[in-house]
Amino acid sequence: MLTWKEVLAQHKTLRGIGRTSLLVDRGESGYKNRFLPDGSILYPGEGLCGHQQPTQGNRVLLEALAAQTPLRVYLREGPNRWRDLGLYRVASVAYRLEEAERRYVYWFRLEPLKRAS
């Protein structure tokens, strides 16, 4: 387990999407990350109101997809408790209308990188 201070030293921002890493949780932040049985994560883009735009954190993820740059993912396990899930790649993105919210949202599919044995 890591403390928030340890995560912040590596993540370097209070935002969920950093230049080289991402923060995920189970809904505490207002974002509805979806953890899939195969280890992948469906990660909603940045922005809780209005149509999401290809700016700021969303641009970081779009650039990571284009360049296939891996990102480190940290999972919030509780207050001041974080787990390093390792490196993930942005495998795909969908920009779709969320009917219930009446807005367009980016959904990034993050896949864990296979570790060498």
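Colleague: Quick one to start. Is Trp82 buried or exposed?

Modeller: Buried, with a relative accessible area of 8%. Keep in mind that this is a predicted model.

Colleague: And Trp4, how does that one come out?

Modeller: Trp4 is partly exposed. Its relative accessible area is 24%, so it falls between the 20% and 50% cut-offs.

Colleague: How many aromatic pairs do you count?

Modeller: Four aromatic pairs. Trp4 with Trp82 is a tilted one: the ring centres are 5.4 Å apart and the planes sit at 40°.

Colleague: Why tilted?

Modeller: Because 40° is neither under 30 degrees, which would be stacked, nor over 60, which would be edge-to-face.

Colleague: Which parts of the chain does the Trp4 and Trp82 pair tie together?

Modeller: Helix H1 (residues 4-11) holds Trp4, and strand S5 (residues 81-98) holds Trp82. The pair therefore links parts 78 residues apart in sequence.

Colleague: What about Tyr95 and Tyr106, how are those rings set?

Modeller: Tilted as well, with planes at 40° and centres 4.4 Å apart. Tyr95 is in strand S5 and Tyr106 in strand S6, so this pair joins parts eleven residues apart in sequence.

Colleague: Where do Tyr95 and Tyr106 stand on exposure? Start with Tyr95, then Tyr106.

Modeller: Tyr95 is partly exposed at 38% relative accessible area. Tyr106 is buried at 9%.

Colleague: Which residues form the aromatic cluster?

Modeller: Tyr95, Tyr104, Tyr106 and Phe108 make up one cluster.

Colleague: Switching to charges. Which ring does Arg34 lie over?

Modeller: The face of Trp107, at 4.3 Å from the ring centre. Arg26 lies over the face of Phe35, at 5.5 Å from that ring's centre.

Colleague: Pockets next. How much space is in the largest pocket?

Modeller: About 250 Å³. It has 16 lining residues, and those closest to the centre are Gly16, Leu23, Ser29, Tyr31 and Tyr43.

Colleague: Which strands supply at least two residues of that lining?

Modeller: Strand S1 (21-24) and strand S3 (41-44). By class, the lining of the largest pocket has eight nonpolar, four polar and four charged residues.

Colleague: And the second largest pocket, what volume?

Modeller: About 160 Å³. Of its 14 lining residues, Gly30, Lys32, Glu101, Arg103 and Trp107 are closest to the centre. That is the Trp107 whose face Arg34 lies over.

Colleague: Which strand gives the largest share of that second lining?

Modeller: Strand S6 (residues 103-112), with three residues. The second largest pocket's lining divides into five nonpolar, four polar and five charged residues.

Conventions: Residues are numbered from 1 along each chain as its sequence is written. This is a predicted model: local features need pLDDT of at least 70, side-chain atom pairs count only at pLDDT 80 or more; totals for chains, interfaces and linings use all residues. Side-chain values use heavy atoms; hydrogens and water are left out. On a 1 Å grid over the protein atoms alone, a cavity is a set of points where a 1.4 Å probe fits but cannot get out, and a pocket is an open set with protein on both sides within 12 Å along at least five of seven lines; lining residues have an atom within 4 Å of a point. Grid points are joined across faces, edges and corners, and a volume is the space filled by probe spheres set on the points. Helices (H or I, at least four residues) and strands (E, at least two) are DSSP runs, numbered from the N terminus. Ala, Val, Leu, Ile, Met, Phe, Trp, Tyr, Cys and Pro count as nonpolar, Asp, Glu, Lys and Arg as charged, and the others, Gly among them, as polar. Rings of Phe, Tyr and Trp (its six-membered ring) pair if their centres lie within 6.5 Å; planes under 30 degrees apart count as stacked, over 60 as edge-to-face and the rest as tilted. Buried means under 20% relative accessible area, exposed over 50%, partly exposed in between (1.4 Å probe, protein chains only). A charge sits over a ring if NZ of Lys or CZ of Arg is within 6 Å of the ring centre and within 35 degrees of the ring normal.
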